[in-house]
Amino acid sequence: METVAARAAVPSAGAPAEDGRTRDRVSSLLLEHGPQTATELAARLRISPAAVRRHLDGLVAAGHVAELAKPRSGQSTFGVAAAERQRGRRDTEREAPGGQRGRGRPARRFALTDAGRESFPHAYDDLALTALRFVAEHGGPDAVRAVAEQQLSGLAQRCSTAVESALEQAEAGSADVDRAQVLAVALTAEGYAATASAISSGGQLCQHHCPVAHVAAEFPQLCEAETAVISRLVGTHVQRLATIAHGDGICTTHIPAQLALRAGHRAGNKATPARPVPAGRATASEHLTPTAGASTRTTPSIDRERTPA
């Protein structure tokens, strides 16, 4: 039976902030001590196992925690094996009312998922900056640019596949395709929170999030390589108006008058580069034929102009 103190420690349904703090503590304990049962967590938190299970259910629903697969006889999952090495024992006891343990089937053990670990602070930016500073010192700006292109090559290929798929689907129905809109959807799937809009002089591609903003602030080659990728995928030269890395609220790319391309006119506009072409190098002559009315420049423009305040 739960004690009065234990019941009082259980967050109420009307206290979402307290629920959030308790779930953060559950996640922290799973990070620090590895896979655990609800009873083990309850003992550390000094609340009831029932309350812990409620928080675990919420974390599981959010994808931050997962129940470990129960090991077959003589075997254990990777997570269970790791926990056993840390503790030097196998937990084969089941949970019982009041936090007491009895003999029987293995207790349900929970562990953080990759998404759960991502919610904790990381030093990825520091690591990336250290690596790029080393590259810049020993290889110069061109070496940094090569790293940026390589980093974006996977993104370029995935977005290129999305654009090409949209063109193929539109071709079957003789529909119009707005490459900027398709690219915005593909970039959003990559974590850029992108949108595309039409303006009198063409269109704008806006990225409301930049996963590498802190690194790009010191190494603009990342922005330049990204702009070259956008240029190749929309099929014309583009111009960067603002970037998050330079203190703007949104990364804004201007796309000159374009880009509702009829699928039947897609010949020569297939965007399937092996890797993005860095700023200052020819692109259109190698992979793209500009659409009617588009600029015939062969080098993507990455000039940066701040929008008026």
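A residue counts as buried when its relative accessible area is under 20%. The model shown in these views is predicted.

**Figure 1. A buried salt bridge joins Arg109 and Glu40.**
The side chains of Arg109 and Glu40 form a salt bridge, with 3.9 Å from N to O. Arg109 belongs to strand E5 (residues 109–112), and Glu40 to helix H3 (residues 38–45). The pair therefore ties together parts that are 69 residues apart in sequence. Arg109 has a relative accessibility of 10%, so Arg109 counts as buried. Glu40 has 12%, so Glu40 counts as buried too. This pair belongs to a wider set: a search of the whole structure finds seven salt bridges.

**Figure 2. Helix H3 is largely enclosed.**
Why is H3 described as largely enclosed by the rest of the structure? Six of its eight residues are buried. They are Ala38, Thr39, Glu40, Leu41, Ala42 and Leu45. Glu40 is thus one of the buried residues of H3, and its side chain meets that of Arg109 in a salt bridge. Just after H3 comes Arg46, which takes a positive phi of about 60 degrees.

**Figure 3. Three strands form an open sheet.**
The order of the strands is E1-E5-E2, and the pairing is antiparallel. Strand E1 (36–37) and E2 are the edge strands, each pairing on one side only. Two bridges join E1 and E5 in the antiparallel sense. Which residue stands opposite Arg109 of E5? That residue is Thr37.

**Figure 4. Arg108 and Glu67 form a salt bridge.**
The side chains of Arg108 and Glu67 meet at 3.4 Å, N to O. Their link spans distant parts of the chain, 41 residues apart. Arg108 sits in the loop between strand E4 (101–103) and E5. Glu67 is in strand E2 (residues 65–67). Is Arg108 buried or exposed? Arg108 falls in between: it is partly exposed, with a relative accessible area of 35%. Glu67 is also partly exposed, at 33%.

**Figure 5. Asp142, Arg145 and Glu224 share a salt-bridge network.**
These three residues are linked in a network of salt bridges. Within the network, Asp142 forms a salt bridge with Arg145. Their closest N and O atoms are 2.9 Å apart. Both residues lie in helix H8 (residues 141–173). They are three residues apart, so about one helical turn separates them. An α-helix has 3.6 residues a turn, so residues three or four places apart point the same way. Asp142 counts as exposed, at 55% relative accessibility.

**Figure 6. The largest pocket draws its lining from several helices.**
The volume of the largest pocket is about 520 Å³. It is lined by 22 residues. Which of them are the closest to its centre? They are Gln151, Leu152, Pro211, Val212 and Leu222. Helix H7 (124–139), H8, helix H10 (213–216) and H11 each give two or more residues to the lining. H8 provides the largest share, with six residues. By class, the lining has 15 nonpolar, two polar and five charged residues.

**Figure 7. A cavity has lining residues from H9 and H11.**
The structure has two cavities of 30 Å³ or more. This view shows the second largest cavity, with a volume of about 30 Å³. Its lining consists of Leu155, Leu183, Leu187, Glu226, Val229, Ile230 and Leu233. Helix H9 (179–189) and helix H11 (221–234) each supply at least two of the lining residues. How many residues does H11, which gives the most, add to this lining? H11 adds four. Six residues of the lining are nonpolar, none is polar and one is charged.

**Figure 8. The largest nonpolar core has 30 residues.**
Cys159, Leu183, Leu187 and Leu205 have the most contacts inside this core. H7, H8, H9, strand E7 (194–199), H10 and H11 each supply at least two of its residues. Which element gives the largest share? H11 does, with seven residues. Some names return from the previous view: Leu183 and Leu187 also line the second largest cavity.

Conventions: Residues are numbered from 1 along each chain as its sequence is written. This is a predicted model: local features need pLDDT of at least 70, side-chain atom pairs count only at pLDDT 80 or more; totals for chains, interfaces and linings use all residues. Side-chain values use heavy atoms; hydrogens and water are left out. A salt bridge is a side-chain nitrogen of Lys or Arg within 4 Å of a carboxyl oxygen of Asp or Glu. Buried means under 20% relative accessible area, exposed over 50%, partly exposed in between (1.4 Å probe, protein chains only). On a 1 Å grid over the protein atoms alone, a cavity is a set of points where a 1.4 Å probe fits but cannot get out, and a pocket is an open set with protein on both sides within 12 Å along at least five of seven lines; lining residues have an atom within 4 Å of a point. Grid points are joined across faces, edges and corners, and a volume is the space filled by probe spheres set on the points. Ala, Val, Leu, Ile, Met, Phe, Trp, Tyr, Cys and Pro count as nonpolar, Asp, Glu, Lys and Arg as charged, and the others, Gly among them, as polar. Two strands pair if DSSP finds at least two bridges between them. A nonpolar core is a set of buried Ala, Val, Leu, Ile, Met, Phe, Trp, Tyr and Cys residues joined through side-chain atoms within 4.5 Å.
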